[in-house]
Amino acid sequence: MSRTPTAEHADAELLRAFLQGRQDAFTQLAERYAGLVYGVATRRSPSAAEEIVQNVFLTLARKADRLDASRGLGAWLHQVATRESSNHIRKEANRQRAMQKYAEEFQQDIVARSVDPAWRGKLDESLAGMAAADLDLIVMRYFES
């Protein structure tokens with residue numbers, strides 16, 4: 001869909017209004033471009049689309065004073081959504097690799113130390129210090145099979 005000069009002018013006006021403190025102007029921009037941003041996010045990373053959309057519009061709010069909406073706000077939002085999606089995919093892959101490595105090391109430790117009664121009490125202490133999401137994964141994988 002091509003943007004008319006009038007629509008680009010409207011985007012610039014809404015951006016200026018937002019910078020002057022009108023939250024409704026930002027809401028109008030978000031409503032206007034939510035579909036575009038959500039489309040990019042769902043094509044690239046469906047499970048995190050809502051988080052990506054939020055991050056894109058947070059970026060818009062943070063950088064609003066440096067944008068020239070008359071040059072195509074939609075294109076800029078598309079680029080930000082693409083970059084945010086790529087960042088999410090990369091971070092998720094890194095997290096998965098780290099969790100796999102941690103799980104393998106954890107399993108090796110369990111096997112190696114399961115014969116040592118002094119170590120058994122330390123297991124619960126170690127698990128108690130983990131983040132809830134990581135603890136859930138470890139418990140499901142190693143204790144609940």
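## Exercises on a six-helix chain

Leu 60 is buried, with a relative accessible area of 0%; buried means under 20%, exposed over 50% and partly exposed in between, using a 1.4 Å probe and protein chains only. This is a predicted model, so local features need pLDDT of at least 70 and side-chain atom pairs count only at pLDDT 80 or more, while totals for chains, interfaces and linings use all residues. Residues are numbered from 1 along each chain as its sequence is written, and side-chain values use heavy atoms, with hydrogens and water left out.

**Exercise 1.** Sketch the chain's element order and describe its burial and surface.

*Step 1.* Count the elements: there are six helices and zero strands, where DSSP runs of H or I with at least four residues make helices, E runs of at least two make strands, and numbering starts at the N terminus. Read from that end, the order is α-α-α-α-α-α.

*Step 2.* Turn to burial: 32% of the 145 residues are buried.

*Step 3.* Now the outside: about 9600 Å² is exposed, and carbon and sulfur atoms supply 52% of that. Accessible areas are Shrake-Rupley values with a 1.4 Å probe, and for residues only the protein chains shown count as cover.

*Step 4.* Finish with contacts (heavy atoms within 4.5 Å): take those between residues at least 6 apart in sequence, and 58% of them join residues at least 24 apart.

**Exercise 2.** Place Leu 60 and list what it touches.

*Step 1.* Find its helix: Leu 60 belongs to α3.

*Step 2.* Leave out residues up to four places away in sequence, and Leu 60 touches Leu 15, Phe 26, Leu 67, Leu 73, Trp 76 and Leu 77.

*Step 3.* Check one of those partners: Trp 76 is 16 residues from Leu 60 along the chain, with 9.3 Å between their C-alpha atoms.

*Step 4.* Swap viewpoint to Leu 73, with that four-place limit again: its contacts are Asp 11, Leu 29, Tyr 33, Leu 60 and Leu 67.

**Exercise 3.** Which residues have the most contacts inside the largest nonpolar core?

*Step 1.* Look for buried Ala, Val, Leu, Ile, Met, Phe, Trp, Tyr and Cys joined through side-chain atoms within 4.5 Å. The largest such core has 27 residues, and Val 37, Val 56, Phe 57, Leu 60, Leu 73 and Leu 77 have the most contacts inside it.

*Step 2.* See who contributes: α1 (5-19), α2 (23-44), α3 (49-63) and α4 (73-113) each supply at least two residues. The largest share, eight residues, comes from α2.

*Step 3.* Don't miss the other core: seven residues lie apart from it, among them Ala 103, Phe 106, Leu 127 and Ile 138.

**Exercise 4.** Work out how α2 and α3 cross.

*Step 1.* Fit lines to the C-alpha atoms over the stretch in contact, taking angles from 0 to 180 degrees between N-to-C directions. The two axes come within 9 Å and cross at roughly 135°.

*Step 2.* Classify the angle: under 35 degrees is roughly parallel, over 145 roughly antiparallel, 65 to 115 roughly perpendicular and the rest oblique. So α2 and α3 are oblique to each other.

*Step 3.* Name the residues that meet: they include Phe 26, Leu 29 and Tyr 33 in α2, and Val 56, Phe 57 and Leu 60 in α3.

**Exercise 5.** Describe the surroundings of Ser 85 and the exposure of Ser 86.

*Step 1.* Ser 85 lies in α4 and is buried, at 0% relative accessible area. Beyond four places in sequence, Ser 85 touches Val 40, Ala 41, Arg 44 and Ile 52.

*Step 2.* Ser 86 is in α4 too, but at 28% relative accessibility Ser 86 counts as partly exposed.
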